[in-house]
Amino acid sequence: MSAISKDEVALYDRQIRLWGMEAQTRLRSSSVCIMGITALSLETSKNLVLSGIGTLTLIDSHKITAQDLQVQYYFDQSHIGRPRDHVLAEQLQLLNPLVTIRVGKSDQELSGFDVVVHVDSYTKAQRVASACRSAQVNFVAAGALGLFGFVFVDCGDRHEYVETTSAESSTTCVAEYVSLFDSLAACVQESSTVRLRRKYPPLVFVFQALMAGMVDTEDELEKLVKASLHNRSIPSDIVDHDIISRVAQSLGTEFVPCAAVVGGTLAQEVLKIITRKDMPINNWYTYDALKGDAITCTLKP
């Protein structure tokens with residue numbers, strides 16, 4: 001890794017003071033891929049570019065529509081009809097010329113990235129996650145539906161990170177992660193539904209179910225959730241009808257304040273993975289803007 005220049009030290013001075021020169025050098029040499037341009041990934045990509053990562057690759061060739069202008073604050077009328085990834089790359093480059101920003105392809109080779117972030121179709125997440133596992137690339141999936149959002153992290157079988165124990169000392173730790181496929185199949189056992197809800201936010205099971213198939217209605221979502229729980233012998237009453245109804249009403253929508261919260265959390269976890277400062281989420285995070293709840297949990301076989 002080459003030394004950081006004086007210009008970079010001046011630009012990133014505040015965060016270098018926070019996490020040190022070694023962590024900033026890791027960022028400078030990192031390569032991140034974001035698949036899918038949404039209000040959530042816009043927030044994440046903006047934060048990553050400002051932090052000083054080395055290279056950011058964006059993948060989303062969908063054309064910008066008038067509807068996108070309501071939730072994508074870097075898009076305007078002149079961008080309608082152009083690919084989302086091209087326009088966002090241009091806008092982000094203005095924020096930090098020191099970061100290399102590229103546009104990738106849907107069949108992009110993933111082995112050259114340090115982290116792949118997937119915020120595209122939920123049902124495609126398992127395929128991308130499997131490819132990342134095979135290539136030994138850190139994988140993060142995330143999404144935001146209206147007032148709800150989630151983040152899933154897989155850093156492979158062995159992820160080393162440094163945990164600060166005091167102002168003058170730190171400890172190197174190791175965390176083990178499981179694949180998205182294994183997490184979606186994980187069973188949980190507790191003596192009662194009350195104890196289950198204390199340990200696992202019901203919302204996590206809704207997002208897990210959405211990765212199994214596309215739905216358009218509340219009834220379809222309820223059937224999908226119940227089938228997912230039944231297949232893992234998890235009591236169906238852990239997810240009540242009210243949660244399913246509220247998520248169903250949010251299908252296909254984006255709420256910028258919620259996306260900003262989840263997108264900020266997502267960027268924070270990507271930075272942890274790259275800098276190896278503190279342990280990234282292991283392995284699920286859900287956000288409920290109605291309750292103001294941000295909860296993490298671990299779902300492993």
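**A friendly walk through the fold**

Me: In which helix does V49 have its place?
Reply: Happy to start there, bearing in mind that this is a predicted model. Residues 39–51 form one helix, and V49 is in that stretch. The helix that holds V49 is α3.

Me: Is V49 buried or exposed?
Reply: Here the cut-off helps: a residue is called buried when its relative accessible area is under 20%. V49 has a relative accessibility of 0%, so it counts as buried.

Me: Which residues is V49 in contact with, leaving aside neighbours within four places in sequence?
Reply: Contact here means heavy atoms within 4.5 Å. With the sequence neighbours set aside, the partners of V49 are L56, L92, L95, N96, V99 and I101.

Me: How many Å separate the C-alpha atoms of V49 and C132?
Reply: Along the chain, V49 and C132 are 83 residues apart. In space, their C-alpha atoms are separated by 22 Å.

Me: Which residues of β1 are buried on each side of the strand?
Reply: Strand β1 covers residues 31–35, and five of its five residues are buried. One side carries S31, C33 and M35. The other side carries V32 and I34.

Me: Which residue of β2 is the bridge partner of M35?
Reply: β1 pairs with β2, residues 55–59, in the parallel sense. Five bridges make up that pairing. For M35, the bridge partner in β2 is I59.

Me: Which elements do the buried residues of α10 pack against?
Reply: Helix α10 is mostly covered, with seven of its ten residues buried. The buried ones are I243, I244, S245, R246, V247, A248 and S250. They pack against β5, β6, α8, α9 and β9.

Me: Does S233 count as buried or exposed?
Reply: S233 sits in the loop between α9 and α10. Its phi is positive, about 55°, although S233 is not a glycine. Most residues other than glycine have a negative phi. With a relative accessibility of 63%, S233 counts as exposed.

Me: What is the phi of R276?
Reply: R276 belongs to the loop between α11 and β9. Its relative accessibility is 33%, so R276 counts as partly exposed. R276 is not a glycine, yet its phi is positive, at about 60°.

Me: What is omega for the bond that joins N282 and N283?
Reply: N283 lies in the loop between α11 and β9. Most peptide bonds are trans. The bond joining N282 and N283 is cis, with an omega of about 10°.

Me: How many Å is the radius of gyration of the protein chain?
Reply: The chain comes to eleven helices and ten strands. For 301 residues the globule rule gives 19 Å, and the chain is close to that, so it is as compact as a globular protein of that length. Its radius of gyration is 19 Å.

Me: What share of the contacts with a separation of 6 or more joins residues 24 or more positions apart?
Reply: For the wider picture, buried residues make up 53% of the 301 residues. Among contacts with a separation of 6 or more, the share from residues 24 or more positions apart is 65%.

Me: How far apart are the mean positions of the positive and negative charges?
Reply: The protein chain has 28 positive and 35 negative charges. Taking the mean position of each set, the distance between the two is 3 Å.

Technical notes
Residues are numbered from 1 along each chain as its sequence is written. This is a predicted model: local features need pLDDT of at least 70, side-chain atom pairs count only at pLDDT 80 or more; totals for chains, interfaces and linings use all residues. Side-chain values use heavy atoms; hydrogens and water are left out. Helices (H or I, at least four residues) and strands (E, at least two) are DSSP runs, numbered from the N terminus. The radius of gyration is taken over C-alpha atoms; the globule rule is 2.2 Å times the number of residues to the power 0.38. Buried means under 20% relative accessible area, exposed over 50%, partly exposed in between (1.4 Å probe, protein chains only). Lys and Arg count as positive and Asp and Glu as negative; His and the chain ends are not counted. The place of a charge is taken as NZ of Lys, CZ of Arg, CG of Asp or CD of Glu. Two strands pair if DSSP finds at least two bridges between them.
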